[in-house]
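Work through the exercises below with the sequence and the model side by side, and try each task before reading its solution.

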Amino acid sequence: MASFPPSGEYLDSVRKTAHSLCEKSGIKIDRDAITRLFSSPAFISSFQRVSKAHGLALPLNFPSPLSELNLISVLSLLNFGSGYRRPLHDNVGRGAWDCIRALVFSMYISSSAGEDDLLSAKGMQNISEAKVAELMGVNVYVEKPHSSIPGVIVGELGGHLYDLVKLITGVLNETGKLLSGSNYPDLGTFVVESLKEGARVKASSQKPNADVETILEKLVRFLPAFQDMAVVDGQPIYCFKKALFLVHAVTVRFGTMSPSPFPVPDTSQIPVFADNVLPSLLIYLGVMDVSSSPALLHLFVDARSPEKVNNLLDYAPAVQPDASKQPPYEGPITTSDQAYALRAGAIDACEVMVEVASGLEDPPWIKDVRLPDLDMWLWSVAKDRSDYRRLERFVLRDTVFF
């Protein structure tokens, strides 16, 4: 595991290490392909609509802004499980993000019904694997022949979804324990403290994004589930996907309130939230080229067809079958190092994309494209079109970072 970045340099460390690992891995960012994407029917016809689909509209009633912030914080903490997309679809008909949302909603509703507050520090610390599986509605048993009785099939705990439930429960237990040990009643209270400290630092600093730097550092240093960093080929890489997502979620949800109940940071310039969707889609759209990377060239081989890229850059098919009802294809299974390299490529590619966009004239709004909006477009358009939904995404299991 990498050491923490220098204090006050977390955002720069994400960008710099992503760029370095991208180059070291042999990933090429194609500027001509970026320009082509920005002028394509696929992008122009969908960006302004799809980039606002952030998935943070919550159909719940909250007794206070802090209660809502706490739920958003836990949702961000648990925003992982992408490697279990296919097993989740097969079992409950939903992908990872929708399953995690359903879990957190169920935790909130159960608590509101008079049971123990599962979203409190104590509730998170004590929640069991059985309770998590129950609230998610997933089957964590696999059928196996009885060890001594021929012809008898028995169910026992196991399989991919049991692995996911163990990861989720472990993150909740660990986070709840750390919060309780520091006398925080819930995660939301810690986040509010971080937001207020960020605002104080910003007021006395001339550095852009000083508040985001402060909040991000507090989140990452305190909670292991936010420590999305590693050493790949001797080089540190920092992604901090979930922590950055949480900071941006606060801005999206509370930034339009007047007055806002909490200090709200400006997240328009923060790095993207690199998961498995962004790099996979950027490869299919021709922006990221891994064909010269010794460690990655065997991945996404079928994505290099010019005809396939042309079709993906065109308008969406006139008649779109409901791909959400079909189990998704499972993409190439990667190692942790490969996944970090691909995610680094996506972070670096999006930085270049915003730079390219700032120099274009058409469409008129292209100059105003910001990194979080680009992130939301890539993530959401992957679900918006039936042909995009069918695209394979790389798979890394046994991680709590994406």
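## Exercise 1: Two cis peptide bonds

Proline 363 is located in the loop that runs between helix 16 and helix 17. Bear in mind throughout that the model is a predicted one.

**Task.** Find which residue is joined to proline 363 by a cis peptide bond, and then find where proline 259 lies.

**Solution.** Begin with the loop between helix 16 and helix 17, where proline 363 is found. The cis peptide bond there joins aspartate 362 to proline 363, and its omega is about -5 degrees. Next, turn to serine 258 and proline 259, which are likewise joined by a cis peptide bond, with omega at about -5 degrees. Proline 259 belongs to the loop between helix 13 and helix 14, the latter covering residues 277-284.

## Exercise 2: Helix 16 and its partners

**Task.** Determine at what angle helix 16 and helix 17 cross, and which residues of helix 2 and helix 16 meet.

**Solution.** First take helix 16 (residues 336-358) and helix 17 (residues 371-384), whose axes come within 10 Å and cross at roughly 115 degrees. The crossing of these helices, 16 and 17, is right-handed. On the side of helix 16 the contact is made by Cys350, Glu351, Met353 and Val354, while helix 17 contributes Leu371, Leu374 and Leu378. Sorted by class, the contact of helix 16 with helix 17 has 6 nonpolar residues, no polar ones and 1 charged residue.

Then take helix 2 (residues 31-38), which packs against helix 16 at an angle of about 65 degrees, with the axes 10 Å apart. The crossing of helix 2 and helix 16 is right-handed. From helix 2, the residues Arg31, Ile34, Thr35, Leu37 and Phe38 meet Ala349, Val352, Met353, Glu355, Val356 and Ala357 of helix 16. The residues in this contact of helix 2 with helix 16 divide into 8 nonpolar, 1 polar and 2 charged. Comparing the two lists, Met353 of helix 16 appears in the contact with helix 17 and also in the contact with helix 2.

## Exercise 3: Helix 9 against helix 10

**Task.** Decide how helix 9 and helix 10 are oriented to each other: roughly parallel or roughly perpendicular?

**Solution.** Start from the geometry: helix 9 (residues 129-136) and helix 10 (residues 160-181) pack at an angle of about 115 degrees, and their axes are 9 Å apart. Angles of 65 to 115 degrees count as roughly perpendicular. Helix 9 and helix 10 are therefore roughly perpendicular to each other. In passing helix 10, helix 9 makes a right-handed crossing. The contact involves Glu129, Val132, Ala133 and Met136 from helix 9, together with Tyr162, Leu164, Val165, Lys166, Ile168, Thr169 and Leu172 from helix 10. By class, the contact of helix 9 with helix 10 comprises 8 nonpolar, 1 polar and 2 charged residues.

## Exercise 4: Positive phi values

**Task.** For phenylalanine 240 and aspartate 398, establish whether each residue is buried or exposed.

**Solution.** Phenylalanine 240 has a positive phi of about 50 degrees although it is not a glycine, and it lies in the loop between strand 5 (235-238) and helix 13. Its relative accessible area is 0%, so phenylalanine 240 is buried. Aspartate 398, which is also not a glycine, has a positive phi near 60 degrees, and its place is in the segment after helix 18 (386-389). With a relative accessible area of 62%, aspartate 398 is exposed. As a further case, glycine 93, just after helix 6, takes a positive phi of about 75 degrees.

## Exercise 5: Cysteines and a distant pair

**Task.** State how many disulfides the structure holds, and which residues valine 252 contacts beyond its sequence neighbours.

**Solution.** The structure holds 0 disulfides. Cysteine 239 is in no disulfide, and the nearest cysteine sulfur, which belongs to cysteine 22, is 12 Å away. Cysteine 239 is buried, with a relative accessible area of 0%, and cysteine 99 is buried at 2%.

Valine 252 lies in helix 13 (residues 241-254) and counts as partly exposed, at 25% relative accessibility. Once neighbours within four places in sequence are left aside, valine 252 is in contact with His54 and Leu56. From C-alpha to C-alpha, valine 252 and leucine 56 are 8.0 Å apart in space, although 196 residues apart in sequence.

Technical notes:
Residues are numbered from 1 along each chain as its sequence is written. This is a predicted model: local features need pLDDT of at least 70, side-chain atom pairs count only at pLDDT 80 or more; totals for chains, interfaces and linings use all residues. Side-chain values use heavy atoms; hydrogens and water are left out. Axes are lines fitted to C-alpha atoms, for helices over the stretch in contact, and angles run from 0 to 180 degrees between N-to-C directions. Helices (H or I, at least four residues) and strands (E, at least two) are DSSP runs, numbered from the N terminus. Angles under 35 degrees count as roughly parallel, over 145 as roughly antiparallel, 65 to 115 as roughly perpendicular and the rest as oblique. A crossing is left-handed if the near helix is turned anticlockwise from the far one by less than a right angle, and right-handed if clockwise. Contact means heavy atoms within 4.5 Å. Ala, Val, Leu, Ile, Met, Phe, Trp, Tyr, Cys and Pro count as nonpolar, Asp, Glu, Lys and Arg as charged, and the others, Gly among them, as polar. A disulfide is a pair of cysteine sulfur atoms within 2.5 Å. Buried means under 20% relative accessible area, exposed over 50%, partly exposed in between (1.4 Å probe, protein chains only).
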